[in-house]
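Q: I'm new to reading protein structures. Can you walk me through some features, one at a time?

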Amino acid sequence: MSRAAVPGLTGRYPIGEQLPALYADDDFAQRFTAGLDTVLAPVFSTLDNLPSYFDPRLAPADFLPWLASWVGGIDDPAWPTGLRREAVARAVELHRWRGTRRGLTEALRLVLGVSAEVSGDGGAAWSRTAGAELPAAPAAEVVVRVWPDRGAEVDADRVGALVRSLCPVHTVCRIEVLSGPPTGEGK
């Protein structure tokens, strides 16, 4: 990432104009400070626009990986820039929902452009009464059904990789790729 050597970039307040009147007509002083203006212009431009660097929707594209690392977001350079920006912008929200049905369906929609339905709870059970009989064993499998949302094909390998990375480690996830939304009889 580099903010230097932007052709034609000038500072708003050239140093030569800030010098005492004695140096206003001094050719050497003006050329020397013009060289400094060229070197410092990208620094001042970056500082003037600093709030935009922290907004993933406005930040320079080459700044997105660094911004993603700050919020624990996913940034894949192979994705279109708009998707990369949206993934970084929603990273904190998606972390809040990580390990839940909502988090999984939102991540699949955002990252892969597929709709999803998640059923099963992954085998978690508990009792509010100490020493009580254990609850019946819940279904130990989570079923993730996905279908195209944006008209594209569903890449089962990418879906599987994303589901494995987002599901809690104690769960067994089965993925079903559908051609369209489920009709309701399998629910």
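Q: Which residues do ring pairs link into a cluster here?
A: Start with the general idea: a pair of aromatic rings is described by the distance of the centres and the angle of the planes. Rings of Phe, Tyr and Trp (for Trp, its six-membered ring) pair if their centres lie within 6.5 Å; planes under 30 degrees apart are stacked, over 60 edge-to-face, and the rest tilted. In this structure, ring pairs link Tyr-53, Phe-54, Phe-63, Trp-66 and Trp-70 into a cluster. Before we go on, keep in mind that this is a predicted model, where local features need pLDDT of at least 70 and side-chain atom pairs count only at pLDDT 80 or more, while totals for chains, interfaces and linings use all residues. Residues are numbered from 1 along each chain as its sequence is written, and side-chain values use heavy atoms, leaving out hydrogens and water.

Q: How many aromatic pairs does a search of the whole structure find?
A: The search finds 6. Take Phe-63 and Trp-66: their pair is edge-to-face, with 5.1 Å centre to centre and 80 degrees between the planes.

Q: Is Phe-63 buried or exposed?
A: Check the relative accessible area: under 20% is buried, over 50% is exposed, and in between is partly exposed (1.4 Å probe, protein chains only). Phe-63 has 5%, so it's buried. Its ring partner Trp-66 has 45%, so Trp-66 is partly exposed.

Q: What about charges: how many salt bridges does the structure hold?
A: Side chains of opposite charge can pair when their charged atoms come close. The cut-off is a side-chain nitrogen of Lys or Arg within 4 Å of a carboxyl oxygen of Asp or Glu. By that rule, the structure holds 11 salt bridges. One of them joins Asp-48 and Arg-12, with the closest N and O atoms 3.8 Å apart. That pair links distant parts of the chain, 36 residues apart: Asp-48 is in helix α2 (residues 27–48), and Arg-12 is in the segment before α1 (15–18). By the way, helices (H or I, at least four residues) and strands (E, at least two) are DSSP runs, numbered from the N terminus.

Q: Where do Asp-27 and Arg-31 lie?
A: Both are in helix α2, 4 residues apart, which is about one turn of the helix. Their side chains meet in a salt bridge at 2.9 Å, N to O. Arg-31 is exposed because its relative accessible area is 54%, while Asp-27, at 48%, is partly exposed.

Q: Which element gives the most to the largest nonpolar core?
A: A nonpolar core is a set of buried Ala, Val, Leu, Ile, Met, Phe, Trp, Tyr and Cys residues joined through side-chain atoms within 4.5 Å. The largest one here has 22 residues, and among those touching the most other members are Leu-104, Leu-108 and Val-144. Elements giving two or more residues to this core are α5 (81–89), α7 (101–112), β1, β2 (141–148) and α8 (156–166). The biggest giver is α7, with 6 residues.

Q: What is Leu-104 in contact with, leaving aside its neighbours within four places in sequence?
A: Contact means heavy atoms within 4.5 Å. For Leu-104, that gives Val-118, Val-144, Val-163, Leu-166 and Cys-167. There's also a second, separate core of 6 residues, and Phe-63 from our ring cluster is one of them.
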